[in-house]
Amino acid sequence: MAAQACIKELKRLLGDERCLAEPGRLLSYECDALTHFKSMPSAVVLPESTDEVQQVVRICARHEVPFTPRGAGTGLSGGAVPAEGGVLIECSRMRRVLEVDVENRIARVEPGVINAHLSQQVAEHGLAYAPDPSSQTVCTLGGNVAENSGGPHCLKHGATTNHILALRMVMPDGEVVELGTPVAGAAGLDLRGVVLGSEGTLGIVTEITCRLVPVPECIETLLAPFDSMGAACTAVSRIVAAGIIPAALEALDERTIAAVEASVYRAGYPDDAAAVILVELDGHPARVEAEREQIHAIFRDMGALSIETARDPEHAEQLWKGRKGAFGAMGRLAPDLYVQDAVVPRSKLPEVLPEIGRICDGLGLKLANVFHAGEGNLHPNISYDGRDAAEVEKVVQAGQQIIELCLSVGGVLSGEHGIGLEKQGFMKLMFSDDDLESMARVRAAFNPTGILNPGKILPTPRACVEVKPVHRLPGVDAS
Amino acid sequence: MTEVFSNTDELLRAALGADAVYVVTEGDAPGALPTPTIVVAPASAEQVAEAVRVATDAGVGIVPVGGDTAPRRSRNEDFPCVALSLERMSGVVEHAVEDLVFTAQAGLVLTEAQAAIAAHGHRVPLAPPLAARATLGGIVACSAEGPTRNAYGSVRDQVLGIQVVHGDGRISRAGGRVVKNVTGYDLCRLYTGSRGVLGVITELTLRLRPIEPAACRLAWRFPRIEDAWNAGMTLRRDIPALYGLHAARGTATDGISGEGAALVATLRGPEAFVEALGASCWEHDLGAASQEVLQPDAVPAIIGPVSALDAWLRVCVLPADGGRLLTTLAQRIGDDADLVLDVLGGVCDVTHEDPGFLDPVDETALGADLEPLCAQVDRPGDPGFHLRRLHLFPSTRPGGVNVMQALMRSLDPAGVLNPGRYEVAP
Ligand SMILES: Cc1cc2nc3c(=O)[nH]c(=O)nc-3n(C[C@H](O)[C@H](O)[C@H](O)COP(=O)(O)OP(=O)(O)OC[C@H]3O[C@@H](n4cnc5c(N)ncnc54)[C@H](O)[C@@H]3O)c2cc1C
Ligand SMILES: Cc1cc2nc3c(=O)[nH]c(=O)nc-3n(C[C@H](O)[C@H](O)[C@H](O)COP(=O)(O)OP(=O)(O)OC[C@H]3O[C@@H](n4cnc5c(N)ncnc54)[C@H](O)[C@@H]3O)c2cc1C
């Protein structure tokens, strides 16, 4: 069998320690943080250099065994789920920071570097890596590149793609290419830009050159509770319309507040509020002050119950704790949690959120909202019990209705978690056949045989993917 | 006009209607094409598709034309082409005021777009040369960046959604009308800067920015541009919130009192912020010969770099290599060209009143000097742009040339779009 011969060669290259093929050692690799889709690889390899990745890829390609890159496996759309019997190339051992160029504010790193570690390593120079997904203490920069991940502070500073200057990548046939450049100016077609957010389907990234930003001179964190989500959303949309771009502009609803306050992520949010808005302003003190005054005025006008300003960095951290721990806190409410990730135009928030509430009420589902309000990026969370087939069915229905609602007001399927295996089926709701055809041709230009991470993003006949949906919906690890 | 051409003319008229086709028989033809030139001016994406199909069947190439501000250099003459003008596709589709998102047809001229939205306090964050003629489609097709790059990001960062017509006449969209989106492959970035070889851009959705309530410019005079750059690096280190920072020499400094080179800092934002930041800059001892506060719109050369694109070279390096770049340029190009170096971005525009100023330059020697700096060189309008030129500077050659060619083959199978625009060096 091709896979057996392939594994034999991979073992010869990497040894037993870095080529896992024993069923017991493969179990934790059958899915990412979206546990809905599972599929068992025939082997997991742990290369430590571009050269090793290249050799692994060449071996797999020669044996025609499909392969899929993986970082930390925190993805929420099934991007790192291997093709049945395929090889999983885990990049977490490639975790060196290769170069920090303080003067030019750039870093060159391997893809297995954990997001938060990069900022920690460059902090002594007064620099930071800006994109901050909530999973940042675990997820890898390689995974971030592949998902074009966002985070609360991406409102002002931009998502991952705005911070990645150049990539070294192993193509599906083993060729090593350099895409993008650390200097300004655009050389040729922007292949770097296409690889960002391509969910590991165009190549395996083995080196990343990224931008670093100076740590802001001044940071101010504000918290404003409201007695209705509608008023909170209108406040958000007025801040945006006023042209203020805070570093972060996040919202949590009543259920999320209750879950957070009952958990270890307790942040001291008022328990009588229907919604809280968390704002962070950063930059020059005079700018922060001017923006704070404008935001205060909008909040007062929209009937904020109070406006709390963090006294010191510890207090700010406390206020953020509830937001960052929201998923974890909600994980305690029920055995399973389904996280949606659609985006709507920001002005539509006041109209869309109550409608999502009605969808879930109508189906008798427990909904909680915590979201990147400043970008219109919703995360409706539905707690449910995956053992209850009828409830699972309702969650699926709610998911579909929420997507349709968001698309109907000019929204899109995903703001940061990607399409992966989860939302392929919805792609036709948003794109025409010709739109999808262009995407397919672009993928084929990189990955003509489709051997790299097959079956993701674009709707495909399921037969060639062989990923078995198990009888569960997305669950987020509460840890 | 050859047989093929007159025939194409008729075929296009038959397909798109008589009012959509005209012939330029003398003078400057659009897209620097030789006269007589057939110009087809479709009124919709569907008509663009129709025109592309007719041209493909006739074995004729398509040169998309926006404001036609591109430099008039020779093109691939082997492939007869018609000009496809976006002049009838200049409508505003939607200004989503509360969302700061703007959708328009690709033929809309930038200053007209700005005028349409200024009343709401918004601006399109693009600043190419010749903005009063350049179109949104042309600017995006060339990723034509200007001095606002530091404040707002690159052209690619502004494109939220796009509609293109490929070389096989298919119409496709990518992106959307929201500010955050990872739905499918990010083809907006691919088409931005693709110089019309993957598709004719017919519609764009762009991110808008608020017009800042206050603005201010400070200028310092130095004997040499190298000194201005040095001082600029000090400001860059000490004052992170600058909107723009440029070292300049020559006519670019007209309007600043005193002699020699200059450093100009641009500040924008809330009034109190601009005032406070202005004070910190003013008090900073940079060792300048003189310093002054300028009217916000003084020094136009720095706001919008050049007026004659023919006489223009752009070299990009890492910000800290700006000094070495200036030394190289002085050695290889001489001291009489005008220079504007974006200190924050490492982007240097070299211009001259004589369009032939680069002719005597030893390109090989310049290339050898720039190579260790990993410089990117842009000479807008070069035929066979980029790939051939990159051959000259091997260190800057982007990878994936095979992928680029595969992309061009699959999105423009007959090679009709801007033929010869991207070619790999022999
Ligand atoms: C609690 C929780 C909170 C989260 N919060 C956020 C958030 O705020 N914002 C956000 O955007 N996401 C968030 N996520 C989703 C997830 O963390 C991100 O998508 C992250 O970027 C995935 O990184 P990873 O290393 O875990 O990648 P994986 O899950 O291992 O892989 C993700 C994708 O990247 C590909 N890939 C991995 N490495 C490479 C490589 N070297 N080359 C090419 N492709 C590669 C994989 O094939 C896969 O398609 C959250 C997830 C959890 C569980
Ligand atoms: C950094 C920088 C790089 C530049 N690089 C180039 C370059 O490589 N080539 C060049 O000619 N000019 C280049 N320019 C100059 C450029 O032409 C203008 O700044 C800008 O494109 C003007 O738009 P326009 O409407 O006048 O375009 P035009 O002068 O009409 O067209 C310019 C180019 O874009 C193509 N084009 C125009 N509209 C469309 C469309 N709707 N869809 C697809 N393609 C279209 C044309 O075929 C032509 O190749 C550059 C400028 C800058 C600042």
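Two residues count as being in contact here when their heavy atoms lie within 4.5 Å. By that yardstick, in this predicted model, 14 residues of domain 1 of chain B touch 14 residues of domain 2 of chain B. These two are part of a four-domain assignment for chain B: domain 1 covers 3-85, domain 2 covers 92-210, domain 3 covers 214-302 and domain 4 covers 304-396. The centres of domain 1 and domain 2 of chain B, taken over C-alpha atoms, sit 24 Å apart.

So much for the layout; now for the surface itself. Domain 1 and domain 2 of chain B bury about 1000 Å² between them, with 69% of that coming from carbon and sulfur atoms. On the domain 1 side, A45(B), V52(B) and T69(B) chip in 39% of the buried area, more than any other three residues. As for polar links, there are zero salt bridges across this interface, and just one residue pair is in polar contact. Helix α2 (residues 45-58) of chain B gives the largest share of the domain 1 side, seven residues. Sorted by class, that side has seven nonpolar, four polar and three charged residues.

Next comes the interface between the chains. Here 80 residues from chain A meet 69 residues from chain B, and about 5900 Å² is buried, 62% of it on carbon and sulfur atoms. Four salt bridges link chain A and chain B; one of them pairs D190(A) with R156(B), whose closest N and O atoms are 3.2 Å apart. There are also 23 residue pairs in polar contact. On the chain A side, α16(A) supplies the largest share, ten residues, and the class count is 35 nonpolar, 26 polar and 19 charged.

Conventions:
Residues numbered from 1 in each chain as written. Chains lettered and ligands numbered in written order. Predicted model: local features only at pLDDT ≥ 70, side-chain atom pairs only at ≥ 80, totals over all residues. Heavy atoms only, no water. Domains from an automatic or database assignment. Buried area = accessible area lost by both parts, 1.4 Å probe. Salt bridge = Lys/Arg side-chain N within 4 Å of Asp/Glu carboxyl O. Polar contact = N/O pair within 3.5 Å; in protein donor to acceptor, adjacent residues only side chain to side chain. Helix = DSSP H or I, 4+ residues; strand = E, 2+ residues; numbered from the N terminus. Nonpolar A, V, L, I, M, F, W, Y, C, P; charged D, E, K, R; others polar.
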